[in-house]
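Here is a structure to get to know, and a short tour to go with it. Have a look at the overall picture before reading on.

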Amino acid sequence: MTVQPPDPAELLQRGLSADQVAQRVNAKLTNYVRNDSSRSITAILRSNLFTLFNAVLGSALVVVLLVGDPKDALFGFIVVANVAIGVVQEYRAKRTLDKLAVLHAPLARVLRDGVTTECEVGEVVLDDVMVLRTGDQIPADGVILRADGLDVDESLLTGESDPVIKNPDDVVRSGSTVVAGSALARATAVGADAYASRLTAEAKRFSLVHSEIRTSVNRIIFWVTWALIPIILLVVNGQMQARGGWGVALANGSWRQAVVSAVASVVAMIPEGLVLLTSISFGLAAVTLARRQVLVQELPAVEGLARVNMVCLDKTGTLTHGTLVVDGVALLSGAGAHARVLADFAADPQANATAAALASRYAETTDTGPDVVVGFKSSHKWSSLTYHGGAEVGQWVLGAPEMVLDPGLNDHAEVLTRCAAQADAGLRALVLVRSTQRAQPVPADQRQVPQLPRERTPVAILTFKEQVREDAAATLRYFREQGVTLKIVSGDNPRTVAAVAREVGFADVGVGYDARNLPADPEEFADIVNREAVLGRVTPEQKKQIVLALQRRGHVVAMTGDGVNDALALKYADIGVAMGQGADATKAVSRLVLLDGKFSQLPFVVAEGRRIIANVERVANLFLTKTTYAVAISLVIGLLLWRYPFLPRHLSLVSSLTIGIPAFFLALLPNKRRYQRGFLRRVLMFSVPAGVIISACILGVYGYARAAPDAALDPIAQTQAASTATTMALLAVALWTLSALARPFDRWRALLVGCLIAAVALILLVPAGRDFFALQLPTGHLLAVTMGVVVLGCAAIEVLYRWLRARGAVSMRE
């Protein structure tokens with residue numbers, strides 16, 4: 001549906017009529033933007049439920065519940081717990097994404113039928129005349145119809161900290177803020193077509209943060225899942241043949257036990273606890289960081305920051321507070337009287353941000369205040385105060401050097417030179433001048449530029465700088481000590497960015513690099529951004545391209561920011577970190593949010609990430625050792641047509657006491673080891689040979705039990721004794737593997753291993769424990785052979801551990 005454009009003259013005088021507004025509402029030409037994430041509750045549940053991991057274990061669980069003993073279904077709790085943790089954490093992230101709203105102002109002001117009215121931001125329609133005043137956030141893109149000293153802060157959109165002067169026919173963008181003056185603007189783009197909405201549309205799309213741990217675990221599960229297909233067929237056939245063949249097993253019902261045995265082999269091969277433990281580790285880290293005012297929007301983001309080797313930093317609102325402070329005052333003449341005059345400038349209700357910054361240094365105002373005030377406007381870039389009596393008598397003018405000084409005068413030219421040097425250093429300079437001449441009358445028409453006094457004497461040069469966050473320098477020093485490369489990427493003037501860079505510890509940055517000079521060639525572009533430490537005048541799209549170029553060069557990139565102009569770069573960075581006071585869009589698409597805006601929290605996040613990576617790597621050795629020996633014995637037993645030696649409950653017992661329980665506690669211990677690439681390679685170097693050793697012990701004991709059964713026992717007891725002896729051998733060698741990986745021992749680790757050994761002994765010695773787990777203690781020669789195999793297996797594990805530790809493949813560093 002199309003609408004007729006309004007008459008320009010009538011629009012300026014009366015705005016839209018009620019009928020014109022209704023037409024645009026019916027045509028859906030409103031400023032409404034749907035504010036939900038692209039990740040629904042259904043999608044979250046689907047992604048966490050329908051995984052390879054859950055498909056395999058879920059199918060196994062159903063089979064056991066249908067044809068086996070419910071006692072053998074203990075592994076089902078792991079499936080439920082893993083899904084619950086993933087859903088809860090991602091739902092928290094969804095709730096944050098649903099708060100994505102670039103516009104903070106709850107109401108907009110529009111001219112309709114000749115009357116200025118307030119309405120919801122979403123109710124602004126195309127061609128509405130927006131009434132803009134100081135402090136307003138612009139609700140939609142528009143064109144200025146009438147302006148009175150309008151200055152707009154576009155820092156959230158562009159990163160440029162200086163206000164931008166806007167005149168009639170200039171474009172204003174949604175999400176920017178009016179910092180001075182007033183205006184009428186015609187809405188030219190609303191809703192999803194507005195600049196801020198288009199800028200964040202791509203950023204709103206949900207994506208998972210890259211995690212080496214998660215990727216490695218998923219890769220292992222993928223490999224194992226595909227290997228399961230032939231292994232399951234082999235095991236099922238073996239179990240049927242071991243029970244007299246398919247015909248006999250199907251006829252007498254023993255196929256049920258064959259299926260349960262096949263399920264046991266499948267469950268043993270899946271490192272189910274590793275997925276759960278990884279989720280728990282990330283979740284506990286998220287809770288710990290939340291107590292320190294760090295919001296983790298996706299679990300693996302904690303790990304990600306520990307892997308980062310390059311951090312790109314925004315300036316305004318990230319390294320700085322986004323406010324100005326007085327850097328210095330150089331007096332030129334008239335010492336004494338200037339102080340109270342500057343305090344009056346700061347106390348003026350219409351003072352701009354620069355003049356207001358004087359309040360921190362000059363608090364004592366004059367007794368009666370100024371008699372005449374000329375407010376600051378961007379058109380003339382100065383303000384003045386006139387006093388008719390007292391020590392301050394005369395007209396005082398505070399403004400930009402090039403506007404209040406005359407380069408044709410020698411004393412003025414010298415001051416201009418000094419101010420230019422301050423600007424080259426990245427500082428903002430103002431000059432205070434005084435005139436004792438009669439002040440020029442203030443024009444009645446505010447659109448006319450007031451006149452400066454002809455005679456004016458420079459009194460002081462005032463320099464301002466952006467207020468750097470108190471903890472920025474120390475935090476950046478920490479990252480440098482950790483071998484992390486730092487870059488500042490800002491939309492502001494390169495000289496200003498370079499000045500802030502020097503203040504927070506950057507060396508040899510010169511005047512910064514102007515991103516407007518970046519080449520179009522991707523390789524040249526990547527060379528420059530890889531080389532330069534400080535870049536200014538960077539557009540939002542360039543920030544994104546810088547991140548992608550650095551990633552192509554092999555860097556793991558973190559990006560910090562607070563403005564809408566940072567949203568795309570935060571989205572594409574390996575880890576996006578937003579400041580708590582930043583734009584909602586930026587916080588919503590980031591992986592981490594520093595809620596209190598303190599940079600000093602980042603080292604703690606890195607420490608948490610290192611602890612997770614190092615500890616998960618330690619316990620992953622346990623889980624993948626189990627996967628290795630499970631695959632090995634399934635293949636051998638399937639080929640030899642032996643009955644599977646374990647029930648699912650036997651493997652649940654082994655997994656709990658030698659992997660699951662100890663892994664949970666080991667994963668929570670402190671560990672400051674620096675991140676090292678090659679997580680999967682190091683884990684496989686230990687777990688594969690260790691799994692082969694354990695499978696050899698299992699097959700040795702089980703093979704002997706089958707070859708030399710105790711004649712004093714009936715067949716069922718013989719089967720239980722063989723199964724128990726095999727389980728005891730597995731428990732003993734697995735506990736020794738645990739003790740090797742838990743080193744170096746301290747009081748808590750020694751207590752943990754001791755408790756686990758005691759638990760094993762208790763289950764084997766207490767009748768109720770043996771009955772529940774279907775165990776029959778071996779005696780005589782079978783017991784002796786079992787103990788001998790255990791000794792050999794533990795010795796082999798010890799040799800493997802010491803050899804890998806000597807090669808640096810297994811670390812004992814904490």
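What follows is a walk through this model, from the whole chain down to single residues.

**The whole chain**

Keep in mind as you go that the model is predicted. The protein chain has 814 residues, and 54% of them count as buried. Its make-up is 30 helices and 21 strands. If you take the contacts between residues at least 6 apart in sequence, 73% of them join residues at least 24 apart.

**Two helix pairs**

Let's begin with two pairs of helices that pack against each other. The table puts their values side by side.

| Helix pair | Packing angle | Axis separation |
|---|---|---|
| α8 (residues 212-242) and α10 (residues 255-269) | about 150° | 9 Å |
| α26 (residues 679-707) and α27 | about 155° | 9 Å |

How do α8 and α10 run relative to each other, roughly parallel or roughly antiparallel? At an angle of about 150°, α8 and α10 are roughly antiparallel, because angles over 145 degrees count that way. Their crossing is right-handed. On the α8 side, the contact is made by Val-224, Leu-228, Ile-231, Ile-232, Val-235, Val-236, Gln-239 and Met-240. The α10 side brings in Trp-255, Ala-258, Ser-261, Ala-262, Ser-265, Val-266 and Met-269. Sorted by class, this contact has 12 nonpolar residues, three polar ones and no charged ones.

Now for the second pair. With an angle of about 155°, α26 and α27 are also roughly antiparallel to each other. Here too, α26 passes α27 in a right-handed crossing. From α26, the residues making the contact are Phe-686, Ile-694, Cys-697, Ile-698, Val-701, Tyr-702 and Ala-705. From α27 come Ala-722, Ala-725, Thr-726, Ala-729, Leu-730, Val-733, Ala-734, Thr-737 and Leu-741. This contact divides into 14 nonpolar and two polar residues, with no charged ones.

**A closer look at α27**

Helix α27 covers residues 715-741, which makes 27 residues. At 1.5 Å a residue it should span 39 Å, and its end C-alpha atoms are indeed 39 Å apart, so the two values agree. Of those 27 residues, 20 are buried, so α27 is largely enclosed by the rest of the structure.

Next comes the loop between α27 and α28 (747-765), where you'll find Pro-744. The peptide bond leading into this proline, from Arg-743 to Pro-744, is cis, with omega near 0°.

**A covered helix: α19**

Helix α19 (residues 494-503) is mostly covered, with seven of its 10 residues buried. Which residues of α19 are buried? They are Pro-494, Thr-496, Val-497, Ala-498, Ala-499, Val-500 and Ala-501. The elements covering them include helix α13 (315-319) and the strands β10 (320-331), β15 (457-468), β16 (485-489), β17 (513-514) and β18 (534-536).

**Some single residues**

Back to α8 for a moment, where Gln-239 lies. Is Gln-239 buried or exposed? With a relative accessible area of 1%, Gln-239 is buried, because the cut-off for that is under 20%. Leaving out residues up to four places away in sequence, Gln-239 touches Ala-258, Ser-261, Ile-637, Trp-642, Arg-643 and Tyr-644. Gln-239 also has a partner from far along the chain: Gly-638 is 399 residues away in sequence, yet the C-alpha atoms of the two are separated by 7.4 Å.

Ser-655 sits in helix α25 (residues 648-666). Its relative accessible area is 14%, so Ser-655 is buried as well. Setting aside residues up to four places away in sequence, Ser-655 touches Lys-626 and Gly-660.

Finally, two loop residues have an eye-catching backbone angle. Asp-127 has phi near 80°, a positive value in a residue other than glycine. You'll find Asp-127 in the loop between β2 (115-120) and β3 (129-132), and at 8% relative accessibility it counts as buried. Gln-293 has a positive phi too, near 65°, and it isn't a glycine either. The home of Gln-293 is the loop between α11 (272-291) and β8 (294-296). With a relative accessible area of 36%, Gln-293 is partly exposed.

Methods:
Residues numbered from 1 in each chain as written. Predicted model: local features only at pLDDT ≥ 70, side-chain atom pairs only at ≥ 80, totals over all residues. Heavy atoms only, no water. Axes fitted to C-alpha atoms, helices over the stretch in contact; angles between N-to-C directions. Helix = DSSP H or I, 4+ residues; strand = E, 2+ residues; numbered from the N terminus. Parallel < 35°, antiparallel > 145°, perpendicular 65-115°, else oblique. Left-handed = near helix turned anticlockwise from the far one by under 90°. Contact = heavy atoms within 4.5 Å. Nonpolar A, V, L, I, M, F, W, Y, C, P; charged D, E, K, R; others polar. Expected span 1.5 Å × (residues − 1). Buried < 20%, exposed > 50% of the residue type's maximum accessible area, 1.4 Å probe, protein only.
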